Amino acid sequence: MPTEDPQSAIRALLEEKRVFPPPKAFTDQANARDGAIYAEAAKDPEAFWARMAGELKWTKPWTKVLDWNPPHAQWFVGGQLNVSENCLDRHLAGWRRNKAAIIWEGEPGDERVLTYADLHREVSKFSNVLKGLGIGKGDRVNIYLPMIPEAAVAMLACTRIGAVHSVVFGGFSAESLRERINDAGAKLLITADGGWRRGKILPLKAVADEAVKDCPTITKTVVVRRVGEAAGASFDPARDVWYHEEMAKAALTCPPEPMDAEDMLYVLYTSGSTGKPKGIVHTTGGYLTHVYATTKLIFDLKEEDVFWCTADVGWVTGHSYIVYGPLANGATVLMYEGSPDFPDKDRFWRIVEKYRVTIFYTAPTAIRTFMRWGESYPAGRDLSSLRLLGTVGEPINPEAWMWYQEHIGRKKCPIVDTWWQTETGGILIAPLPGLTATKPGSATLAFPGISAEVVNDAGDPAAAGYLVLTKPWPGMLRTILNDDKRYQQTYWDRYRGVFYFTGDGAKRDEDGFFWLLGRVDDVMNVSGHRISTMEVESALVDHPAVAEAAVIGRADEMKGQAVSAFVTLKAHIQPSDELLKEIKAHVVKKIGALARPEDIFFTSELPKTRSGKIMRRLLRDVAEGRVLGDTTTLADPGVVAQLKRQYEEK
């Protein structure tokens with residue numbers, strides 16, 4: 001059935017008046033407790049970022065903080081550093097050597113703890129494995145792994161020798177993996193025999209094998225033994241090598257490669273409105289500075305904290321706030337392989353209780369799911385260790401924010417609602433928990449050193465409109481891999497190269513707080529994951545029965561948005577439940593399970609203007625149960641009326 005009218009939801013969001021000042025006890029101990037930090041950063045943002053960068057280890061100092069030639073930025077020009085050295089080596093001299101770096105829990109319940117000394121040793125050994133397989137500075141390495149410590153080891157080993165990693169989420173299909181490998185030109189693939197999800201084996205190696213059939217640049221595949229014989233994984237001795245066998249032969253030490261601040265660190269693919277995923281390029285010095293600073297100040301990291309970000313390393317959140325940001329700060333990070341509801345719906349809270357997690361960072365989609373399951377699950381666990389909560393991936397509605405505060409934070413934990421993107425590298429808008437009064441549903445203020453504004457179509461400041469960034473920042477993407485023209489067109493052309501266009505709508509209230517309103521382009525935000533409507537449409541029309549398709553993201557209480565597809569079949573093909581299931585499975589095969597349509601509506605025609613443009617706005621009205629907007633430009637207004645009747649009858 002249709003969910004609440006999203007316009008009503010937005011009105012309710014913007015009428016939110018509750019304010020929660022930081023608890024005094026928290027402020028007294030906070031890393032950021034002096035409001036002068038905002039004024040300092042606003043007065044001289046380059047000096048602010050230089051101060052944060054100065055807390056890292058540089059093998060060669062920079063000569064210039066920022067070289068800005070719109071839309072291209074270079075940060076810490078001339079400086080050299082190594083990411084793995086900053087995340088590992090510099091913590092080994094003192095007591096952090098034996099501090100837990102990664103606490104890992106696998107879905108079946110297996111456990112591992114890697115101290116900083118352990119992680120340094122594993123990364124050094126795997127760096128030598130990569131070198132032995134012919135990987136060197138500048139080479140591209142694709143990583144397709146479950147949430148296991150080897151994923152972090154692989155990422156850090158790439159950074160140690162100067163290779164560029166491209167991590168692909170383990171839920172993506174063979175075709176999606178192949179497309180990303182080929183676009184990056186990866187020489188090596190790192191995968192596993194399988195992974196675990198809700199008690200079932202994920203056949204990662206089988207998917208990888210299917211993908212690399214048409215990946216001419218791949219010379220070797222490194223396979224981590226995660227599941228064992230039950231995975232039934234095939235092994236090609238001419239191409240495949242076992243991770244554990246190679247590690248057993250590897251030398252224990254590997255010096256870190258000095259990297260220029262602007263050397264490419266990684267490529268991560270995100271959906272674009274054209275359907276072809278964009279290879280977002282992040283570089284070394286600015287990115288590490290950004291994630292180091294935001295992790296330290298927004299999450300108020302302390303030595304004794306156990307930091308749990310529930311994301312997957314296949315997404316940017318996992319890159320920035322599981323691996324690079326926390327480890328650069330010398331934090332203890334918790335990694336979990338499985339889902340929140342297996343073997344029972346209190347799995348997250350059991351983990352919080354078991355490991356005494358202090359900082360918990362998750363998505364509004366998950367919070368709404370916890371709400372639906374009921375408060376008895378968290379109530380049955382000891383969550384007293386928690387001192388700070390965070391949200392990421394999409395705007396959070398006030399009701400979910402309040403439930404999170406009451407039932408997870410027990411009314412004592414500040415909440416940092418964070419806004420950022422794959423492209424921004426790190427968080428751009430969020431409270432500083434010891435300084436900022438929070439409002440349920442608002443991401444509050446731009447992080448110090450970040451210049452954000454809400455503007456109208458003309459680029460003039462407005463109370464409501466488009467969120468833009470008016471000055472460069474260290475963690476910003478440098479380009480789109482192999483397509484700098486698309487980089488300029490996507491992010492800069494809308495405002496003539498003056499502002500970075502985020503693609504998100506926003507409003508600012510009387511206190512200057514930002515309220516994010518979601519995507520304004522043809523990219524859906526499903527459970528915090530960006531999926532292009534065109535990407536799904538392309539997958540649908542690839543099915544032999546489908547003549548034409550239109551896809552929209554409709555409002556969904558749990559996911560934020562759900563994928564709704566409107567499909568026209570080829571002549572003489574009749575709709576059926578079997579065909580509907582087959583088409584959904586086809587989308588999963590082409591893209592992955594995260595893109596599976598929630599609804600598919602078969603229709604003889606799609607609503608089009610007289611010039612042939614599909615009116616997705618009207619399809620959204622249909623899917624969300626709203627009064628239909630203006631239909632006067634349609635070639636046949638009866639088409640959308642029929643679709644509306646069809647939807648109401650479902």
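1. Helix α20 and its surroundings. In this predicted model, the buried residues of α20 are L618, L619, D621, V622 and A623. An aspartate, D621, is thus listed among the buried positions of α20 together with L618, L619, V622 and A623. The helix is followed by G625, which has a positive phi near 70 degrees. On the other side of α20 (616-623), the loop that connects it with β30 (599-602) contains T603. T603 has a relative accessible area of 11% and is therefore buried, the cut-off being under 20%. Apart from neighbours within four places in sequence, T603 is in contact with V567, T568, L569 and L643.

2. Confidence. The mean pLDDT of the protein is 92, and 95% of its residues reach 70 or more. Residues 1-11 have pLDDT below 50; beyond near neighbours in sequence, this stretch makes 15 contacts in the model. I would ask that any reading of those 15 contacts be accompanied by the pLDDT of the stretch.

3. The seven-stranded sheet. Seven strands form an open sheet in the order β5-β4-β17-β16-β18-β19-β20, and their pairing is mixed. At the edges are β5 (111-115) and β20 (415-417), each of which pairs on one side only. Ignoring direction, neighbouring strands of this sheet are turned by 15 degrees against each other on average. Strands β4 (residues 100-105) and β5 run antiparallel and are joined by five bridges. Within this pairing, E105 has E111 of β5 as its bridge partner. Helix α7 (residues 149-161) lies across β4, β5 and β17 (332-336), and runs at about 30 degrees to β5.

4. The nonpolar cores. The largest nonpolar core comprises 156 residues, and those with the most contacts inside it are L119, F126, I190, Y324 and V536. Helix α7 gives the most to this core, with nine residues. For L119, the contacts other than neighbours within four places in sequence are L88, A101, I102, L114, V153, L156 and L327. Of these contacts of L119, A101 and I102 fall within the residue range of β4, L114 falls within that of β5, and V153 and L156 fall within that of α7. A second, separate core has 29 residues, including I103, W401, W403 and I415. As background, nonpolar side chains tend to be buried together in soluble globular proteins.

5. Strand β6 and its parallel partners. Four of the five residues of β6 (residues 140-144) are buried, so this strand is largely enclosed by the rest of the structure. Strand β6 runs parallel to β7 (residues 164-167), to which four bridges join it; in that pair, the bridge partner of I143 is V167 in β7. The chain passes from β6 through α7 to β7, and this β-α-β crossover is right-handed. Four bridges also join β6 to β8 (residues 188-192), again in parallel. There, Y144 stands opposite T191 in β8. I190, one of the residues with the most contacts inside the largest core, lies within the residue range of β8.

6. The four-stranded sheet. A further open sheet has the strand order β21-β22-β24-β25, with antiparallel pairing. Strands β21 (452-455) and β25 (514-519) stand at its edges, and because each has a single partner strand, one side of each is left without a neighbour in the sheet. From one strand to the next, the twist averages 45 degrees. Strand β24 (residues 500-508) pairs with β25 in the antiparallel sense over five bridges. One bridge in this pair sets G505 against G518 of β25.

7. Residue A293. This alanine lies in helix α11 (residues 285-298). A293 counts as buried because its relative accessibility is 0%. Leaving out residues up to four places away in sequence, A293 touches W49, M52 and F447. A293 and P326 are 33 residues apart in sequence, and their C-alpha atoms are 9.9 Å apart in space.

Notes: Residues numbered from 1 in each chain as written. Predicted model: local features only at pLDDT ≥ 70, side-chain atom pairs only at ≥ 80, totals over all residues. Heavy atoms only, no water. Pairing = 2+ DSSP bridges. Helix = DSSP H or I, 4+ residues; strand = E, 2+ residues; numbered from the N terminus. Axes fitted to C-alpha atoms, helices over the stretch in contact; angles between N-to-C directions. Buried < 20%, exposed > 50% of the residue type's maximum accessible area, 1.4 Å probe, protein only. Contact = heavy atoms within 4.5 Å. Core = buried A, V, L, I, M, F, W, Y, C linked by side-chain atoms within 4.5 Å. Right-handed = clockwise from strand over helix to strand, strands pointing away. pLDDT = per-residue confidence, 0-100.
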